[in-house]
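Please open the model in your viewer and keep the selection panel at hand. The tour below moves from one selection to the next and says what is to be found at each stop.

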Amino acid sequence: MSHSCRVRCQLSLSIVTFDCQTISPQDAAMNHSLPVRLLAVVNLFSIVAMIGQVGTTAEPDFSIKREGDKIAVLAGEKPFAEYIANDPATNKSYLWPVFGPGGVAMTRDFPMKDIAGEVKDHYHHRGVWFGHEDIGGYDSWTERGTFVKGEKTSDANKERIAKLGKQVHRKFNEVSATQDKATIVSEIDYINPDGKKSVTEIQTLIFRLEGKLRLIDFNQDFIASEGDVTFGDKKDAGLCIRVPTPMSVDSKLGGRILNSEGLTDAAAWGQRAKWCDYSGPVANATHGVAILNHPSSFRYPTTWHVRTYGLFT
């Protein structure tokens, strides 16, 4: 079923990175103290990334380095994440790279960077991003590079090219850093192929440290200022992470998917669950990402578009 919004709708979530020497991926997903704190600050999802890193926590004191529409966030002079807007190679804004406390990258590098040994499928999977196959009938999930690279050439996908929309970053409403956090507030228009705007997103990202935790809070307000807009009920839609290649189940190096109902790997795809965890080896240690669905979410518990090749939505 599709839904339309006259004025505005809101999506909130958090990404957290921490030391899995202290809390394992499975324990973190079930540990009562972490979800309780997160559930107090999010409406729909909490995303928890476990980093296998022994060492001291990055010192607080955030800073921002801005170069045009690219913003680098640093915590204690150590890289935290980069926010990239209006990249001419794509039709969406995204975070890449995103680092844990030990400097381990938690996303695949392709297509932004060509790394030997990485799986190079799905050109539109960029770090951490939001995309939707059908907002007002147009697609910001895939992108032109998906098709011109030859991954999809059927007549049906040629029709999808004609329906490609884009997210156009209009301005930063706030870019700031204090000792305790960094904040990026962006105004993004969703534009149809004919150049007409269908919806405006006010996206707020807050980067924080809490002990050995690294947190990124997402808040997305979608404002239908041009009239009714319909968000189609599509599987290719939502906040996404493309996990590092060695972590994927299909790499057969120990990667594993596990959800709250005890379903694992391919059996977890499309199933309802309160949380889902993706873990596996990266940089000679075990790392993972867990996403927790907030109980007040629409259709809680949600279904999961989590794939053995490395997509986690």
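## A buried arginine and its partner

Begin by selecting Arg108, which is buried at a relative accessible area of 0%, where buried means under 20% relative accessible area, exposed over 50% and partly exposed in between, with a 1.4 Å probe and protein chains only. This is a predicted model, in which local features need pLDDT of at least 70 and side-chain atom pairs count only at pLDDT 80 or more, while totals for chains, interfaces and linings use all residues. Residues are numbered from 1 along each chain as its sequence is written, and side-chain values use heavy atoms, with hydrogens and water left out.

Now add Asp121, whose side chain meets that of Arg108 in a salt bridge at 3.1 Å, N to O; the term stands for a side-chain nitrogen of Lys or Arg within 4 Å of a carboxyl oxygen of Asp or Glu. Both residues lie in the loop between strand 7 (94–98) and strand 8 (128–132), so the pair ties together parts that are 13 residues apart in sequence. Helices (H or I, at least four residues) and strands (E, at least two) are DSSP runs, numbered from the N terminus.

## Further salt bridges

The structure holds 12 salt bridges. Select Arg160 and Glu133 next, whose side chains form one of them at 3.8 Å, N to O. This pair links distant parts of the chain, with Arg160 in helix 4 (residues 155–162) and Glu133 in the loop between strand 8 and helix 3 (144–148), 27 residues apart. Arg160 is buried, with a relative accessible area of 18%.

Then move to Glu226 and Lys197, where the closest N and O atoms of the salt bridge are 3.5 Å apart. Glu226 sits in the loop between strand 12 (213–223) and strand 13 (229–231), whereas Lys197 belongs to strand 11 (residues 197–210), 29 residues apart. Lys197 counts as partly exposed, at 29% relative accessibility. To finish this stop, select Asp87, Lys92, Arg126 and Glu143 together, since a network of salt bridges links them.

## The open sheet

Colour the 7 strands of the open sheet, which follow the order 4-5-6-7-8-14-18 with antiparallel pairing; two strands pair if DSSP finds at least two bridges between them. Strand 4 (62–67) and strand 18 (311–312) stand at the edges with a single partner strand each, so one side of each is left without a neighbour in the sheet.

At one edge, strand 4 runs antiparallel to strand 5 (residues 70–75) and is joined to it by 6 bridges, with Ser63 having Leu74 as its bridge partner. The hairpin of these two strands has 2 residues between the strands, and Gly68 takes a positive phi near 65° there. At the other edge, strand 14 (residues 237–242) pairs with strand 18 in the antiparallel sense over 2 bridges, and Arg242 stands opposite Leu311.

## The nonpolar cores

Which members of the largest nonpolar core touch the most other members? Select Phe80, Tyr83, Leu95 and Phe207, which do so among its 46 residues; such a core is a set of buried Ala, Val, Leu, Ile, Met, Phe, Trp, Tyr and Cys residues joined through side-chain atoms within 4.5 Å. Apart from it lies another core, of 9 residues, among them Met112, Trp129, Cys240 and Tyr309.

As a last selection, centre on Leu95, whose contacts (heavy atoms within 4.5 Å) beyond its neighbours within four places in sequence include Tyr83, Arg126, Phe207 and Phe218.
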